[in-house]
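Here is a quick walk through the strands, the domains and one loop residue of this protein. Have the viewer open while you read.

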Amino acid sequence: MKFTRHLALPVLAFALLAGTQSCKKDDVETTEPTPTPPAMSSTYDYEFNNGQVVPTAAYDGSHMDNVTASITVTELTSSTARITVTLNNTIAGETYHTHAHDAADPNTTPNGTPYNESPNTAVYTQMIMGNGGTVSASQDVSMSYADITSSYEGFFVVHDPLQPITTTDISTYLIVGSFARTQAATNLSSMTFPYAFNTGQVAAAYAYSGMHDSSLSGDLKIQELADGTSRVSVMLNNSMDGEMYHVHAHDAADPNTTPNNTPYNETPNAGLCTMMVTGNGGTAGGSQMSSMSYADITSVYEGFFVVHDPLQPITTTDPTTYVLLGLFARN
Ligand SMILES: [Cu+2]
């Protein structure tokens with residue numbers, strides 16, 4: 001009897017408590033004032049500089065062309081906002097200068113630029129340390145969300161960390177576009193062609209013979225640029241640290257017409273792909289511009305993608321010294 005009373009009290013207490021909470025919850029739902037509207041926020045995406053803004057000034061340098069960015073503008077108060085810039089595919093340890101440059105009449109600027117060469121520190125001027133992947137920086141500004149996203153006129157610029165900063169040469173800009181505005185779609189084509197180690201895929205007699213590790217592989221990327229030319233990029237995976245790889249396009253040729261009866265020209269095609277890539281123990285890359293169009297390279301041009309062995313003297317007659325060998329820009 002006594003035992004039952006002891007048990008009953010806590011149960012009753014719990015029931016009352018639960019009932020109270022239930023009531024309180026209902027009160028909250030029915031009496032809460034209309035919520036204030038959530039802070040405005042918009043995100044604007046930016047592609048790599050392939051000439052979308054200035055067709056003759058697509059990025060030309062040694063940075064890989066897979067960097068993309070976004071700007072997010074978030075309202076803080078009616079007169080302040082936060083600007084957050086995010087960079088993707090950064091290089092670890094490199095410092096990226098990311099700026100807002102005010103638009104300007106090119107007839108009035110010292111070097112005819114359509115923007116002020118000094119970045120606008122009151123809008124957005126930050127240095128972002130690359131981390132090998134995605135990294136962000138933010139700046140709180142004394143401008144309203146509407147001021148930034150509809151009144152302010154300027155350019156968003158990501159400068160190349162791998163060369164001296166210039167504010168006149170737009171081909172050094174990894175990314176350029178109107179600041180905090182939706183960017184026009186461009187639909188420039190690009191394709192990446194993978195190459196496995198040369199085990200005789202092109203011809204059994206050409207299989208590599210030498211000391212290089214067979215874990216090496218490559219990726220050849222052809223990027224269409226806005227002015228009709230192309231950027232040719234090469235990534236070598238599992239490269240040997242400190243070794244120099246000669247990476248070439250060799251035009252296909254009739255072996256009856258070549259000096260040593262090779263089915264290709266022994267002189268590499270410098271206008272398409274003739275570069276040296278220094279191995280780093282991991283993925284190393286290089287790139288060059290070509291005046292050939294994306295369509296010409298990927299469907300008309302006939303040649304071979306060759307990576308010469310860095311561990312033996314270059315020969316252009318013995319394909320067993322080629323660590324990578326395949327048709328150029330074909331699957
Ligand atoms: Cu070659």
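Two strands count as paired if DSSP finds at least two bridges between them. Keep that in mind for what follows, and keep in mind too that this is a predicted model.

With that cut-off, β1 and strand β2 (residues 68-75) clearly qualify, because six bridges link them and two would do. Their pairing is antiparallel. If you want a spot to zoom in on, take threonine 43, whose bridge partner in β2 is threonine 72.

These two strands belong to an open sheet of four strands, ordered β1-β2-β3-β6 and paired in the antiparallel sense. Its edges are β1 (41-46) and β6 (135-141), each of which pairs on one side only. On average, neighbouring strands of this sheet are turned by 15° against each other, direction ignored.

Now to strand β15 (residues 303-308), which is mostly covered: six of its six residues are buried. Five bridges join β15 to strand β12 (residues 244-251), and the two run antiparallel. Five bridges also join β15 to strand β16 (residues 322-327), again antiparallel. For a look at individual bridges, alanine 249 has phenylalanine 305 in β15 as its partner, while histidine 308 is matched with tyrosine 322 in β16.

Here are the strand pairs side by side:

| Strand pair | Bridges | Sense |
|---|---|---|
| β1 and β2 | six bridges | antiparallel |
| β12 and β15 | five bridges | antiparallel |
| β15 and β16 | five bridges | antiparallel |

As a reminder of the chemistry, strands of a sheet pair through backbone hydrogen bonds, either parallel or antiparallel.

Zooming out, the domain assignment gives domain 1 (41-178) and domain 2 (190-327). Taken over C-alpha atoms, the centres of domain 1 and domain 2 are 34 Å apart. The contact takes 10 residues from domain 1 and 10 residues from domain 2. On the side of domain 1 that touches domain 2, the residues divide into three nonpolar, five polar and two charged.

One last stop is a loop. Is methionine 211 buried or exposed? Methionine 211 sits in the loop between β9 (190-195) and β10 (217-224). It has 8 other C-beta atoms within 10 Å, and a residue with 12 or fewer counts as exposed, so methionine 211 is exposed. Methionine 211 and glutamine 312 are 101 residues apart in sequence, yet their C-alpha atoms are 8.7 Å apart in space.

Terms used:
Residues numbered from 1 in each chain as written. Predicted model: local features only at pLDDT ≥ 70, side-chain atom pairs only at ≥ 80, totals over all residues. Buried ≥ 20, exposed ≤ 12 C-beta atoms within 10 Å, placed from the backbone. Axes fitted to C-alpha atoms, helices over the stretch in contact; angles between N-to-C directions. Domains from an automatic or database assignment. Contact = placed C-beta atoms within 7 Å. Nonpolar A, V, L, I, M, F, W, Y, C, P; charged D, E, K, R; others polar.
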